[in-house]
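Here's a quick tour to read with the sequence and the model side by side. Have your viewer open and follow along topic by topic.

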Amino acid sequence: MKFVHCADLHLDTAFSGLGGGKSAAIRQAELRRTFLSIIELAKEADALFIAGDLFDQNSVEAETIETLCSGFASLGDIPVFIAAGNHDPLSEQSYYKLMSLPPNVHVFGTEPGCFSVADCDVCGISFSHSAQSESLLSSFNCPSDRPAVLVMHGDLGGADYNPIDRAMVAGSGLSYLALGHIHSYSETKIGNTVCVYPGCPEGRGFDELDDKGVVCGEVTEDGVTTRFVPLCKRRYRELAVDISGLFTHDEIIRTVRGKISALEDLYKIILVGETELVPDGNVIADAFGDCFFLKVYDRTKRPLNLEELAKESGVRGQFVRKMLEKEEAGSEALYRRALEFGLSALSGEKVKTQ
């Protein structure tokens, strides 16, 4: 059985971190287009697995429902197996129950269900509530001696979102555990079971960096083969840029631009190093109007000789001495930042805390 395994699309995500408006609307549309890219991949497979959190919340746009239904219908007889997760549990108000889904779409109930596909058993179970502290795997048994797949949202080693015990997986008899919930790709083998998180197909914030996609694979009597397939329209990227020794915003802008490889991506720029200039993140970000999204964080330091400053007899010296006395192990960076802000204020400079 050849399959495509995806999870955590979180359709209609608000993208509040982008400030709403145009950028957020574009990303919402790109989520729908990425779903259609998954559909195209599934046309070459025997089955499509969606392991939870297809929706981000209870409110779903009419365009999203139309995109889903038409996309699923375009697969013809290729079955789609959906296990509801913590963001889209199978409650009475669930859109899984309200939508008119094509006949090839199977949404698993809150008790284990099973279907036969290409000499394999495809099983699954859905969340009934947004929290699931008891293991759903405990109620599952392989229905036959054939290779078996279980589609499920859950957390290997977690506690509140269907905790999955490794010993239970090892004794499950499963060939493949198609998981959702963790937003980064990972694969591990527990006993004879290949356990895979495909991650989210599109990053939605700077905690979901770089390539995102789905997993394509095949289950046979001889075992399981998989490959990760990047599909994301844009990538979230985090870059630390050393601006030590630079004295102007123009110099910083040129340095940052030299680090950017794809203007269509979303960037979190962290300025580091020592410089006399207190960088203004807004000025720097404004120079990147040709980039889809870029935000700047200042983590630079001022070149300070604290030993000399502490010898001064005035207010500045007293302030430095008091701060050095309070500095605790492990908090050096925090106290250094506070020192910089305090010294800037004592010098009559504008304090920028971004």
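What volume does the second largest pocket have? In this predicted model, the second largest pocket comes out at about 190 Å³. The notes below start with that pocket, then go through a six-stranded sheet, a hairpin made by strands S5 and S6, and a handful of single residues.

**The second largest pocket**

- A total of 14 residues line the second largest pocket, and the ones closest to its centre are Ser16, Gly17, Leu18, Arg204 and Gly205.
- If you want one element to look at, pick strand S17 (residues 293-298), which gives the most to this lining, with three residues.
- By chemistry, the lining of the second largest pocket splits into seven nonpolar residues, four polar ones and three charged ones.

**The six-stranded sheet**

- Reading across this open sheet, the strand order is S4-S3-S2-S1-S13-S14, and the pairing is mixed.
- Strand S4 (105-107) and strand S14 (223-230) sit at the edges with a single partner strand each, so one side of each has no neighbour in the sheet.
- On average, neighbouring strands here are turned by 20° against each other, ignoring direction.
- Helix H1 (residues 21-42) packs on the sheet and touches strand S1 (2-6), strand S2 (47-50), S13 and S14. The direction of H1 makes about 165° with that of S1.
- Strands S13 (residues 213-220) and S14 run antiparallel and are joined by eight bridges.
- Within that pair, cysteine 216 stands opposite arginine 227 in S14.

**Two positive phi values between S1 and H1**

- Histidine 10 is in the loop between S1 and H1, and its phi is near 50°, a positive value in a residue other than glycine.
- Is histidine 10 buried or exposed? Histidine 10 has a relative accessible area of 1%, so it counts as buried.
- Phenylalanine 15 lies in the loop between S1 and H1 too. Its phi is positive at about 50°, although phenylalanine 15 is not a glycine.
- Phenylalanine 15 has 3% relative accessibility and therefore counts as buried.

**The S5-S6 hairpin and strand S7**

- Strands S5 and S6 form a hairpin with two residues between them, and alanine 118 in the turn has a positive phi of about 45°.
- Strand S5 (residues 113-117) pairs with S6 in the antiparallel sense over five bridges.
- Serine 116 stands opposite aspartate 121 in S6, while glycine 113 stands opposite glycine 124 in S6.
- S6 also pairs with S7, this time in the parallel sense over four bridges.
- Which residue of S7 is the bridge partner of glycine 124? That partner is valine 151.
- How many residues of S6 are buried? Five of its five residues are, which makes S6 mostly covered.
- Both faces of S6 are covered, with Cys120, Val122 and Gly124 buried on one side and Asp121 and Cys123 buried on the other.

**Two serines in loops**

- Serine 128 lies in the loop between strand S6 (120-124) and strand S7 (148-153).
- The relative accessibility of serine 128 is 24%, so it counts as partly exposed.
- Setting aside neighbours within four places in sequence, serine 128 is in contact with Pro89, Leu90, Ser91 and Thr110.
- Serine 128 and alanine 84 are 44 residues apart in sequence, with a C-alpha to C-alpha distance of 8.0 Å in space.
- Serine 175 has its place in the loop between helix H4 (166-170) and strand S10 (176-180).
- Why does serine 175 count as buried? Its relative accessible area is 17%, and buried means under 20%.
- Not counting residues up to four places away in sequence, serine 175 touches Pro147, Ala148, Asn192, Thr193, Val194, Val219 and Val224.

Conventions:
Residues are numbered from 1 along each chain as its sequence is written. This is a predicted model: local features need pLDDT of at least 70, side-chain atom pairs count only at pLDDT 80 or more; totals for chains, interfaces and linings use all residues. Side-chain values use heavy atoms; hydrogens and water are left out. Two strands pair if DSSP finds at least two bridges between them. Axes are lines fitted to C-alpha atoms, for helices over the stretch in contact, and angles run from 0 to 180 degrees between N-to-C directions. Contact means heavy atoms within 4.5 Å. On a 1 Å grid over the protein atoms alone, a cavity is a set of points where a 1.4 Å probe fits but cannot get out, and a pocket is an open set with protein on both sides within 12 Å along at least five of seven lines; lining residues have an atom within 4 Å of a point. Grid points are joined across faces, edges and corners, and a volume is the space filled by probe spheres set on the points. Ala, Val, Leu, Ile, Met, Phe, Trp, Tyr, Cys and Pro count as nonpolar, Asp, Glu, Lys and Arg as charged, and the others, Gly among them, as polar. Buried means under 20% relative accessible area, exposed over 50%, partly exposed in between (1.4 Å probe, protein chains only).
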